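Visitor: I have a model open and would like to understand the labels attached to it. Could you walk me through the reasoning behind them?

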Amino acid sequence: MDPMAHRTGLRLKRNEGVTVGTTAILVGILITLSRLTGIIRDTGRTTLFGRNWQTDAYVSAFSIPDLIYFLASGGALSAGFIPVFSGFLAKGEDEKAVKTFQVLLTYLGLLLILLIVCFEIAAPSLVSLLFPGMREQPERLQLTTTLARILLPAQFFFVLGSLFSGALFSLRYFAEPQVQSILYNLLILLGGIGGSVWGKEWTGGGVEGMAIGAVTGAMVGAGLVQSRKLRQLGVPLSLNFDWKDPGAREVLRLVIPVVFSLSVTQITAIILPRSFSSFLEEGSATAVEMANRVMQLPVALFGASVGIAVFPILSEDAALDRRHQLKGSLTSALRAVLILTVITAVLMAILREPIVSVLFQYGRWLQHDTEETAWALLFYSLGVPAMASQQILARGFYALRETWTPVWVGAITLVLAWVLNFLFVHTPLQQGGLSLAFSLSSWFNSSLLFLLLSRRLGGLETLRLPALGGSLLLAATLSAAVAHGALLILPSFDGVSRPIRLLLPGLVSVLVYVAILSRCPLPEVRNFAVSLITKGKRRLL
């Protein structure tokens, strides 16, 4: 035990000896489970309620609570809190770390209560403002408002849950922050089942049950599960009104620009497509939302899992001015993310209809609904590598405590995205135009972040981007040809099920992709591909 920890009398429990590799695997598994339960949740919704104006209202209603999450810095808390909290822990100043945590817990809780009350009152005006296409549809407008009011209290637990997650990540405990999402998804599904049974006479035909499930899931997953773990690790969850606490002020200094950065990113990715979908025909908002959910799966699995695992390491390297190690960690993370997401994007584009069909085409979800959603997914797939890369690039700036750069990059991207949505929404692309606007703006964002971060660190030449891009493009093109050929052949066989039409072309093309990369002239790429082959053989044996 270090002298400082002994002197303060407080020592929080660390998860000593954890590595980036094992953490990435654990987080990847849990994020996969989270996303899979999310898909199950969405499959349950499409099966129970189909694709109609009620489901459009349901997905749109989340935009109002999302605004609270952005304004209260929910998505930014970890980015600003982890460097400060980890810095105290690294110096053995556990008591200062806990005090900063308590001060933030106190004032965030008060801010959330105020925002939720204000948004409950202003919900009708906010819905009308965000979804101008609903103004001619009073029933849909009213249902969206009702659902938004039900969902708003969930943000109290989500934002404070982000603070809890930051503390757990800093102590190197990564399970509970991911388990919360699994519980959230399952409770929404249970709420939907209940609504479909007992709420058929409700205005939304029972989708209100899913909103009630969302609030319950937030309370249990984000609130109870994480707070219980923190208490076990020695973090007292008591209030502290010392607004002059230097740690809390440092977190706010870091968080405020990150709030803007993450807010514009989420508005670009989620709220803009929902808003412009209100101008399209009934069911379009649901199609765009479901395609977005599918696209987010590899982004979370490959981008977020690696980003979460590497962020504490980046923060520590930056704090100790270990520039060479910082650059090495960044380039390794980016390389891995690009290798994994390029093939994912290609397969998502080629196999879009089988993917949507396998995931959602049950019950009240029909073939036409699959085709409309697959059309949006085609254009969303183009942005997968860019979105996943942003998870790493943004954390590079946050670790360096240069949080304003992603802000103005995100602001420019938001303007670009709005213009592209406006230009594309009334074209024959329809919902595909909205997802294309997102993908183009994502590539702009990630490219600009990469250039600025490379300049800040004196170059990221170890990534060898041109050679890496050429190798991935060649491997992905050949893999796409294989997947497309397999998809053309399979329908000629009678009795081929939907899962086989998805899994067989996907598996063959992935094998081709990895085999080509194992011959890549870049040793880093070749070694990565070979390690995938080796791990695959071990699991088969």
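Guide: Gladly, and let us begin inside. The second largest cavity is lined by Val264, Thr265, Thr268, Ala269, Met387, Gln390, Gly410, Thr413, Phe438, Ser441, Ser442 and Asn445. H11, helix H16 (384–399), helix H17 (405–424) and helix H18 (431–456) are the elements that give two or more residues to this lining. Please keep in mind that this is a predicted model.

Visitor: What makes this space a cavity, and what is its volume?

Guide: A cavity is a set of points where a 1.4 Å probe fits but cannot get out, whereas a pocket is an open set. The volume of the second largest cavity is about 70 Å³. The structure has three cavities of 30 Å³ or more.

Visitor: How do the residues lining the second largest cavity divide into nonpolar, polar and charged?

Guide: Four are nonpolar, eight are polar and none is charged. Gly counts as polar under the scheme used, so Gly410 belongs with the polar residues of that lining.

Visitor: And which elements line the second largest pocket?

Guide: Its volume is about 690 Å³, and its lining has 35 residues. Ser86, Gly87, Ala90, Glu316 and Ala319 lie nearest the centre of this pocket. Two or more lining residues come from each of helix H5 (77–90), helix H11 (246–277), helix H12 (284–319) and helix H13 (323–350). H5 gives the largest share, seven residues. By class, the pocket lining has 13 nonpolar, seven polar and 15 charged residues.

Visitor: Let me step back to the whole chain. How do you know whether its radius of gyration agrees with that of a compact globule?

Guide: For 541 residues, a compact globule would have a radius of gyration near 24 Å, and the protein chain has 23 Å, so the two agree. Along the principal axes, the C-alpha trace spans about 75 × 60 × 45 Å. The chain has 21 helices and zero strands. Among contacts with a separation of 6 or more, 84% join residues 24 or more positions apart.

Visitor: What share of the residues is called buried, and what does the chain expose?

Guide: Buried means under 20% relative accessible area, and 58% of the 541 residues count as such. The exposed area of the protein chain is about 22,300 Å², with carbon and sulfur atoms supplying 67% of it.

Visitor: Why is glycine 458 called exposed?

Guide: The label needs a relative accessible area over 50%. Glycine 458 has 61% relative accessibility, so it counts as exposed. This residue sits in the loop between H18 and helix H19 (465–489). Its C-alpha atom is 9.3 Å from that of lysine 327, although 131 residues separate the two along the chain.

Visitor: Why is valine 220 called partly exposed?

Guide: Partly exposed is the class between the 20% and 50% limits. Valine 220 has a relative accessible area of 25%, so that class applies. Valine 220 belongs to helix H10 (residues 208–232). Beyond its neighbours within four places in sequence, valine 220 is in contact with Leu183, Leu187 and Val225.

Visitor: What puts glutamate 402 and valine 419 in their accessibility classes?

Guide: Glutamate 402 is at 22% relative accessibility, so it counts as partly exposed. Valine 419 is at 36%, and therefore also counts as partly exposed. Glutamate 402 lies in the loop between H16 and H17, while valine 419 is in helix H17. Not counting residues up to four places away in sequence, glutamate 402 touches Phe397 and Arg456. The C-alpha atoms of glutamate 402 and arginine 456 are 9.9 Å apart, with their positions 54 residues apart in sequence.

Visitor: One last point: what makes the phi of arginine 172 and glutamine 430 worth a remark?

Guide: Most residues other than glycine have a negative phi. Arginine 172, not a glycine, has a positive phi of about 70°. Glutamine 430 also has a positive value, near 50°. Arginine 172 is in the loop between helix H8 (154–170) and helix H9 (175–198), and glutamine 430 is in the loop between H17 and H18. With 28% relative accessibility, glutamine 430 counts as partly exposed.

Notes
Residues are numbered from 1 along each chain as its sequence is written. This is a predicted model: local features need pLDDT of at least 70, side-chain atom pairs count only at pLDDT 80 or more; totals for chains, interfaces and linings use all residues. Side-chain values use heavy atoms; hydrogens and water are left out. On a 1 Å grid over the protein atoms alone, a cavity is a set of points where a 1.4 Å probe fits but cannot get out, and a pocket is an open set with protein on both sides within 12 Å along at least five of seven lines; lining residues have an atom within 4 Å of a point. Grid points are joined across faces, edges and corners, and a volume is the space filled by probe spheres set on the points. Helices (H or I, at least four residues) and strands (E, at least two) are DSSP runs, numbered from the N terminus. The radius of gyration is taken over C-alpha atoms; the globule rule is 2.2 Å times the number of residues to the power 0.38. Buried means under 20% relative accessible area, exposed over 50%, partly exposed in between (1.4 Å probe, protein chains only). Contact means heavy atoms within 4.5 Å. Accessible areas come from the Shrake-Rupley method with a 1.4 Å probe; for residues, only the protein chains shown count as cover.
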